[in-house]
Amino acid sequence: MKRSTFLKLGAVMGALFAVPFNLLAKLSSKPGNEKGFKVEAGKDRAGKSISPFEGDVFYTKVSAKDTDGGMYVFESTRIKEGGPILHTHYETDEWWYVLQGEFLIRVGDTTYNAKAGDLVFGPRMVPHTFAKIGNGEARVMITHQPAGKMEAYFRKLSEGVARNMTEEERNELRKAHGFEKVGPPITYLKQ
């Protein structure tokens with residue numbers, strides 16, 4: 001048998017041998033939570049809300065740990081107007097379901113005026129931002145799918161990690177958590 005034929009045969013046999021093990025690994029992986037659960041209105045999944053931005057309270061409803069990284073769902077209660085910078089996520093889709101109040105939500109070149117009961121979807125790698133507008137309290141349910149590192153990012157902000165960072169350091173923090181700034185906010189920037 002020629003050496004090149006022997007090497008090709010060895011590679012094919014090795015790949016075939018690995019297939020059952022890869023399949024077994026996928027079948028044996030378990031979701032992060034094997035039981036259902038309920039998170040009551042105005043409550044956080046872990047019992048401790050976070051405040052990553054001034055005037056906002058985030059209540060985690062489904063943690064990335066609950067879904068083995070499949071999604072992260074949180075409710076954001078906002079008093080102040082404004083929102084985040086225009087940004088894009090590398091690997092996560094994001095959607096907003098307005099529970100109360102009014103939001104401007106920009107996805108790509110389109111800006112939507114979203115009120116209670118409206119849902120807006122933002123696909124990964126498409127620039128997007130949103131802003132609470134109007135007086136009074138507003139609430140929006142936000143989902144990242146898959147979860148990516150957004151939950152960890154918001155927790156770090158809530159702990160004050162970015163408080164004294166330069167803009168360059170903030171950009172690096174964003175990139176480390178799977179997204180980057182691509183433009184200004186719609187209205188007032190929440191910090």
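The following conversation goes through the sheet, the core and several salt bridges of a predicted model.

Colleague: What should I keep in mind about numbering and confidence?
Modeller: The model is predicted, with local features needing pLDDT of at least 70 and side-chain atom pairs counting only at pLDDT 80 or more, whereas totals for chains, interfaces and linings use all residues. Residues are numbered from 1 along each chain as its sequence is written, and side-chain values use heavy atoms, with hydrogens and water left out.

Colleague: What makes strand 1 and strand 7 edge strands of the open sheet?
Modeller: The sheet has five strands in the order 1-2-9-4-7 with antiparallel pairing, where strands are DSSP runs of E with at least two residues and helices are runs of H or I with at least four, numbered from the N terminus. Two strands pair if DSSP finds at least two bridges between them; strand 1 and strand 7 (119-122) each have a single partner strand, so one side of each is left without a neighbour in the sheet. The average twist from one strand to the next is 20 degrees.

Colleague: How do you know that strand 1 and strand 2 are joined?
Modeller: Six bridges link these antiparallel strands, and in one of them V62 has V73 of strand 2 as its bridge partner. Helix 2 packs on the sheet, touching strand 1, strand 2 and strand 9, and its direction makes about 35 degrees with that of strand 2; such angles run from 0 to 180 degrees between N-to-C directions, with axes fitted to C-alpha atoms, for helices over the stretch in contact.

Colleague: Why is E75 called buried?
Modeller: Buried means under 20% relative accessible area, exposed over 50% and partly exposed in between, with a 1.4 Å probe and protein chains only; E75 is at 5%, so E75 counts as buried. K61, at 10%, is likewise buried, whereas R139, at 24%, counts as partly exposed.

Colleague: What makes the contact of R139 with E75 a salt bridge?
Modeller: The term requires a side-chain nitrogen of Lys or Arg within 4 Å of a carboxyl oxygen of Asp or Glu, and the closest N and O atoms of R139 and E75 are 2.8 Å apart. R139 lies in strand 9 and E75 in strand 2, so the pair ties together parts that are 64 residues apart in sequence. K61 and E75 also form a salt bridge, at 4.0 Å from N to O, and because K61 lies in strand 1 and E75 in strand 2, that pair ties together parts 14 residues apart in sequence.

Colleague: Why is the R45 and D66 salt bridge said to tie together separate parts of the sequence?
Modeller: Their side chains meet at 2.9 Å, N to O; R45 lies in the loop between helix 1 (3-28) and strand 1 (56-62) and D66 in the loop between strand 1 and strand 2, so the tied parts are 21 residues apart in sequence.

Colleague: Which residues touch the most other members of the largest nonpolar core?
Modeller: They are W96, F103, I105, Y153 and F154, in a core of 25 residues, the term meaning a set of buried Ala, Val, Leu, Ile, Met, Phe, Trp, Tyr and Cys residues joined through side-chain atoms within 4.5 Å. Helix 2 supplies the largest share of this core, four residues.

Methods: Contact = heavy atoms within 4.5 Å.
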